[in-house]
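This report covers strand pairing, burial and nonpolar packing in one protein model. Please have the sequence and the coordinates open while reading.

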Amino acid sequence: SFFRCGDFPFLLVRALASCVPPMLRYTISPLVFEQQPGFCRAIVVAKGLRNEALNETLEKMLRSRLGQIEADSSISLDHPKVKVWFDAYQKAGFKGGNQKVQPSTAALLRRVRKGQGSKIPYVNNLVAISNIVQLTHLTPTKPLNLHLVTGDVQLGPADGSEQFVDLMDSKPSSPLPGEICELDPSAKRALCRMWNSTPGKACAVDASTTAVLFSIDGFLSSESTGSPQGPPP
């Protein structure tokens with residue numbers, strides 16, 4: 001379920017820390033809540049997984065949901081649960097060059113609306129679960145390969161010296177100072193840039209992944225969005 005972290009940011013951090021393996025602490029900087037008081041992040045940790053073989057049930061669920069979206073024109077980039085993220089990125093000052101910074105959910109919906117839903121690949125079971133969740137609830141979701149995390153993880157402002165390699169194009173870069181990122185501080189790495197919009201290659205899941213951390217984001221405070229914008233508890 002989601003935590004109302006706008007009201008209880010430090011309680012959220014303690015609650016999340018109790019959910020993850022003993023060797024990993026997951027924290028969220030108070031600066032994130034200062035920028036976006038209604039933001040919340042749910043964490044789901046799973047271990048002992050088998051990710052190497054295609055799961056036919058998951059594939060059917062993914063294709064079914066893509067078909068439902070294709071048939072429902074109301075599920076678009078203008079949907080309130082998607083639009084709220086464009087507003088949040090703009091408020092955070094994120095700039096993506098010639099392209100507007102978009103949540104991962106929007107990237108999937110854009111492909112469906114272009115008639116390319118059938119071409120969205122079934123990468124592996126864990127990526128499929130992530131895509132099913134975000135296509136069902138229209139909220140950013142991503143998996144993190146726990147085998148590749150070297151220390152604690154924090155969602156917070158970067159100092160600009162962290163290394164980052166984009167998952168999609170493998171281009172190396174560094175976040176801007178103050179940019180909200182998911183960070184692996186002990187390795188001076190950014191795992192995801194611009195909050196949750198640009199996942200990195202450093203801790204991507206693959207066929208060999210047996211332990212994963214899913215992050216599921218939303219806005220549940222009317223202070224920020226006017227109405228709840230996330231999946232139900």
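The text below goes through the sheet, the hairpins and the cores in turn.

The model is predicted: local features need pLDDT of at least 70, side-chain atom pairs count only at pLDDT 80 or more, and totals for chains, interfaces and linings use all residues. Residues are numbered from 1 along each chain as its sequence is written, and side-chain values use heavy atoms, with hydrogens and water left out.

**The three-stranded sheet**

Helices (H or I, at least four residues) and strands (E, at least two) are DSSP runs numbered from the N terminus. Two strands count as paired if DSSP finds at least two bridges between them.

Three strands form an open sheet in the order E2-E10-E3, and the pairing is antiparallel. Strand E2 (39-47) and strand E3 (141-145) each have a single partner strand and stand at the edges, so one side of each is left without a neighbour in the sheet. On average, neighbouring strands of this sheet are turned by 20 degrees against each other, direction ignored. Axes here are lines fitted to C-alpha atoms, for helices over the stretch in contact, and angles between N-to-C directions run from 0 to 180 degrees.

E3 is joined to strand E10 (residues 211-219) by five bridges; leucine 144 has leucine 213 in E10 as its bridge partner. Helix H6 (residues 125-137) lies across E3 and E10 and runs at about 160 degrees to E3. Contact means heavy atoms within 4.5 Å.

**Strands E4, E7, E8 and E9**

The antiparallel pairs in this region are listed below.

| Pair | Bridges | One bridge partner pair |
|---|---|---|
| E4 (residues 153-157) and E7 | four bridges | glutamine 154 and leucine 183 |
| E7 and E8 (residues 189-193) | three bridges | glutamate 182 and cysteine 192 |
| E8 and E9 (residues 198-199) | two bridges | arginine 193 and threonine 198 |

Buried means under 20% relative accessible area, exposed over 50%, and partly exposed in between (1.4 Å probe, protein chains only). In strand E7 (residues 180-184), five of the five residues are buried. Ile180, Glu182 and Asp184 point one way from E7, while Cys181 and Leu183 point the other way. In a regular strand the side chains alternate between the two faces of the sheet. E8 also has five of its five residues buried, so it is largely enclosed by the rest of the structure. Leucine 183 stands opposite alanine 190 in E8.

The hairpin of E7 and E8 has four residues between the strands, and lysine 188 takes a positive phi near 55 degrees there. E8 and E9 also form a hairpin with four residues between them, where methionine 194 in the turn has a positive phi of about 45 degrees.

**Nonpolar cores**

A nonpolar core is a set of buried Ala, Val, Leu, Ile, Met, Phe, Trp, Tyr and Cys residues joined through side-chain atoms within 4.5 Å. The largest has 26 residues, and Phe39, Trp85, Leu155 and Trp195 have the most contacts inside it. At least two residues each come from strand E1 (26-28), helix H2 (30-35), E2, helix H4 (80-92), E4 and E10. H4 gives the most, with four residues.

Leaving aside neighbours within four places in sequence, the contacts of tryptophan 85 include Phe39, Pro103, Trp195, Asp217 and Phe219. Another core, of 17 residues, lies apart from the largest one; Ile69, Val82, Val112 and Ile120 are among its members.
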